[in-house]
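Trainee: Please take one part of this model and go through it in close detail. Then place that part in its surroundings.

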Amino acid sequence: MLSSLQNPRQAAAQLLNFALILSTAFMVRVVALPTINASTSVHNMPFSVCSADSWRNPQMWKGLSIAADSPSPIVVVLSGSMEPAFQRGDLLFLWNRNLLADTDVGEVVVYNVKGKDIPIVHRIVRKFGIGEHAQLLTKGDNNAADDTELYARGQDYLERKDIIGSVVGYVPFVGYVTIMLSEHPWLKTVMLGIMGLCLNLNLNLSPSPNFNFNLYLYGHKTP
Amino acid sequence: MYNSLTRIQNVFGFFTTIAFVVAAIIAASDFTAPRTPSASIKPTNVQVVKGRPHYYSSKKEEYAIIKFSLDADLSSLFTWNTKQLFVYVTAEWPSTSSSSSNQTNKAVIWDAIITSPSSDHLANIGPATLKKLRKSAGGKSIDPSRGKLSLKNQRPKYQITHPSGKVANTDDVTLHVHYNVQPWVGMLTWNQDVDMALWKRMAAGISKAFELPAVKKKDEPKAKSKY
């Protein structure tokens, strides 16, 4: 403790770190499972694993968000309408820019339906027209019917603006922790306790220059 | 100074680092496997019917049923990192309205999920079919026969419609074969228009342009999709 006091910069950084973790841990949104089983909805909360310098992560997240031009560049899959491609707990990386080509048929996209706050990841199967106002229809690979039923009343097609990103990268299973945390809220308390404990220990450990949080969660709400 | 908690922390940190490095290497290994897909497709029977394309359709509209024959060899897309291959056939046609000349329409008429032997257990099929599928791989983890398709006069899974409700007498319709490789970890990839290093573009895969005929009088009961 004393040694870290001798290094006020380090102490301040660790304090800031703890504050960040506290605030973000409480920001993790509890997302209810979708009532429609047919849709693969996703957690719009990121999950990042890092070994050091965890306080940088919110910035990394924002950076990724800006680079991908998506409010939620990493999402976690919640249900099975895209099986076997995507299963529960899989992590998807999204890209929301049309640098070379329009968002096209065959791409797997995450979209928001007007008035519903559950992002859904499905594949585009029809596209009429080009550009911003092309009419897009989506369907889950594992579903028999297309998504017309899932859309808002009177909405037959999606437009580009409803889409928050196309899936470009995939990591299996890693996102399961966020699902666990949102379905069993007490785990959050446990984790927070462990984190606090680690912090305490770390404060006492003078020779450790880098703060070592392996699991770090940061909640994010799509607008 | 080092207690067990810090050690657990360090071990877990090391584990996650190693796991991510290994995952990155596996994902990068995709680029070392050559891809030489080829496909040929042709429409065999095209008809346009006026009716309700789905049971939940609120209005009657014209829809086209395009039967096709497809021969494809996509076996080179199966590697140790392939989880599934999503093959889909689209019908594409330019817009009929003269005002917007460059508008195109695209609709998937048929698709198939081809699982890799490593993900057979995830497929949405019954136990008997699963057993058959497992047997077809013959215990191999990479089964080159998986990517070979030969369909004769295949009925489409999805009928084509258009928001305007009109599809009859459309000119210049082409069928295209596409694929999407879903990896176990890494980047999702689609068929490409140009060669990129070891990944070649799909040979053929586009049908000759054809025409959707005029609306057919309904003398037979409504064509029901098998799926």
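Mentor: What follows starts at the contact, settles on one strand, and then works outward.

First, the ground rules. This is a predicted model: local features need pLDDT of at least 70, side-chain atom pairs count only at pLDDT 80 or more, and totals for chains, interfaces and linings use all residues. Residues are numbered from 1 along each chain as its sequence is written, and chains are lettered from A and ligands numbered from 1 in the order in which they are written. The predictor gives the complex an ipTM of 0.87 and a pTM of 0.79.

Now the contact. Chain A puts in 28 residues and chain B 42 residues. Two residues are in contact if their C-beta atoms, placed from the backbone, lie within 7 Å. On the side of chain A that touches chain B, the elements giving two or more residues are β6 (120–128), β8 (163–171) and α5 (185–204). Helices (H or I, at least four residues) and strands (E, at least two) are DSSP runs, numbered from the N terminus. β8(A) gives the largest share, 5 residues. By type, this side of chain A holds 16 nonpolar, 8 polar and 4 charged residues. Here Ala, Val, Leu, Ile, Met, Phe, Trp, Tyr, Cys and Pro count as nonpolar, Asp, Glu, Lys and Arg as charged, and the others, Gly among them, as polar.

The part to look at closely is β6(A). How many of its residues are buried? The count is 9 of 9, so β6(A) is mostly covered by the rule used here: a residue is buried if 20 or more other C-beta atoms lie within 10 Å of its own, exposed if 12 or fewer, and partly exposed in between, with C-beta atoms placed from the backbone.

Next, its partners. Strands pair if DSSP finds at least two bridges between them. Within chain A, β5 (residues 108–111) runs antiparallel to β6(A), joined by 4 bridges. One residue pair to click on is Val110(A), whose bridge partner in β6(A) is Val121(A). β7 (residues 135–139) of chain A is also antiparallel to β6(A), with 5 bridges. There, Lys127(A) has Leu136(A) as its bridge partner. β6(A) and β7(A) form a hairpin, with 6 residues between them. In that turn, Gly129(A) has a positive phi of about 90°.

β6(A) also reaches across the contact. It pairs with β4 (residues 104–115) of chain B, antiparallel, over 3 bridges. Arg126(A) has Ala107(B) as its bridge partner in β4(B).

Cross over to chain B. Its average pLDDT (the predictor's confidence in each residue, from 0 to 100) is 88, and 92% of the residues score at least 70. Chain B has 2 helices and 10 strands. From the N terminus, the order is α-β-β-β-β-α-β-β-β-β-β-β. Its radius of gyration is 23 Å, while a compact globule of 227 residues would be near 17 Å. That radius is taken over C-alpha atoms, and the globule rule is 2.2 Å times the number of residues to the power 0.38. Along the principal axes, the C-alpha atoms of chain B fill a box of roughly 85 × 45 × 35 Å. Buried residues make up 31% of the 227.

UniProt, in an unreviewed entry, lists residues 12–33 of chain B as "transmembrane region". UniProt positions are given in the numbering used here, feature names are shortened, and annotations may be inferred rather than shown by experiment. In the model, that span is 82% helix and 0% strand, with its end C-alpha atoms 32 Å apart.

Last, some backbone checks. Most residues other than glycine have a negative phi, and most peptide bonds are trans. Asn153(B), in β5 (residues 148–154) of chain B, has a positive phi of about 50° although it is not a glycine. Asn153(B) is exposed, because only 10 other C-beta atoms lie within 10 Å. Ala197(B) also has a positive phi of about 50°. Its place is the loop between β8 (189–190) and β9 (203–204) of chain B. Ala197(B) is exposed, with 9 other C-beta atoms within 10 Å. In chain A, the peptide bond from Glu83(A) to Pro84(A) is cis, with omega near 0°. Pro84(A) sits in the loop between β3 (74–77) and β4 (91–95) of chain A.
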